[in-house]
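Visitor: Please pick one part of this model and take me through it up close. I'd also like to hear how much confidence comes with it.

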Amino acid sequence: MQGEGQAIGGRATGSMTGRLLVATPALKDPNFDRTVVLLVAHEPGGALGVVLNRATEVPVADVLGDWSDLARDPAVLFEGGPVQPDSAICLARMRHPVQRLKGFHQVSGAVGTLDLSVEPGRLREGITGIRVFAGYSGWGSGQLEQEIEDGSWFLLDALPGDAFVDRPDDLWPMVLRRQGGMMAAVAYFPPDVALN
């Protein structure tokens, strides 16, 4: 039985919001080499996501001082993608997913986007942590679906902790290994197959 957002005959159907895009070795765009993208929005007009495994060395405290106490380790900005690198998208994980918080927009389960104009002190009791992304990844209408069909991305289910792992560099192989079977073997592909 195919669920919402799963591939049928190679084409993704339904909303993919809250799912992971995991770059395949066939994806040659250096912006997305070995990346894991969380889709925070997917509609007929296009899709928007943030790269979960590209930490920078810029501390959140240097850019958003009041928010730094809520930032999960590593408490740095992340490169969310090549679109609008001067903009910020904040992901947060709620303590109680059924709770309503001002400025929180659910993506999947307890994970959602958070409006950075809200006073951070009012949110301390409601969330377990945040990640701040500079820029985002975006696709026009049908573009992402075509890239998935062309074999550039694996479309996989996300776990609630994926966006907040302590070692983001390990996320790409970790997500692939937990799939099992042949997909787990992809986690061991060398970065440049020509060197193998």
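Guide: Confidence first: along the chain it bottoms out in strand 1 (residues 7–8), with a mean of 36, and peaks in strand 3, at 98. That score is pLDDT, the predictor's own confidence in each residue, on a scale from 0 to 100. Strands here are DSSP runs of E with at least two residues, helices are runs of H or I with at least four, and both are numbered from the N terminus. This is a predicted model, where local features need pLDDT of at least 70 and side-chain atom pairs count only at 80 or more, while totals for chains, interfaces and linings use all residues. Residue numbers start from 1 along each chain as its sequence is written, and side-chain values rest on heavy atoms, leaving out hydrogens and water. Chain-wide, the mean pLDDT is 88, with 90% of residues at 70 or more. Go easy on residues 1–12, where pLDDT stays under 50.

Now for the close look: the aromatic rings. Rings of Phe, Tyr and Trp (the six-membered ring for Trp) pair up when their centres lie within 6.5 Å; planes under 30 degrees apart are stacked, over 60 edge-to-face, and anything else tilted. That rule gives 4 aromatic pairs. Take Phe-32 and Trp-153: their ring centres sit 5.5 Å apart with the planes at 70°, so this pair is edge-to-face. Phe-32 belongs to the loop between strand 3 (20–23) and strand 4 (36–43), and Trp-153 to strand 12 (residues 153–156), so the pair ties together parts 121 residues apart in sequence. Both rings belong to buried residues (under 20% relative accessible area with a 1.4 Å probe, protein chains only; over 50% is exposed, and in between is partly exposed). Phe-32 has a relative accessible area of 9%, and Trp-153 comes in at 3%.

Trp-153 has another partner, Trp-139, again edge-to-face, at 6.1 Å between centres and 85° between planes. Trp-139 is in strand 11 (residues 127–140) and Trp-153 in strand 12, so here the linked parts are 14 residues apart in sequence. Trp-139 is buried too, like Trp-153. Put together, Phe-32, Trp-139 and Trp-153 make up one aromatic cluster.

While you're by strand 12, look at Asp-162, in the loop between that strand and helix 3 (171–177). Asp-162 is buried, with a relative accessible area of 3%. The Asp-162 side chain reaches the backbone nitrogen of Leu-159 at 2.8 Å.

Key:
Contact means heavy atoms within 4.5 Å. A polar contact is a pair of N or O atoms within 3.5 Å; within protein, one must be able to donate a hydrogen and the other to accept it, and residues adjacent in sequence count only if both atoms are side-chain atoms.
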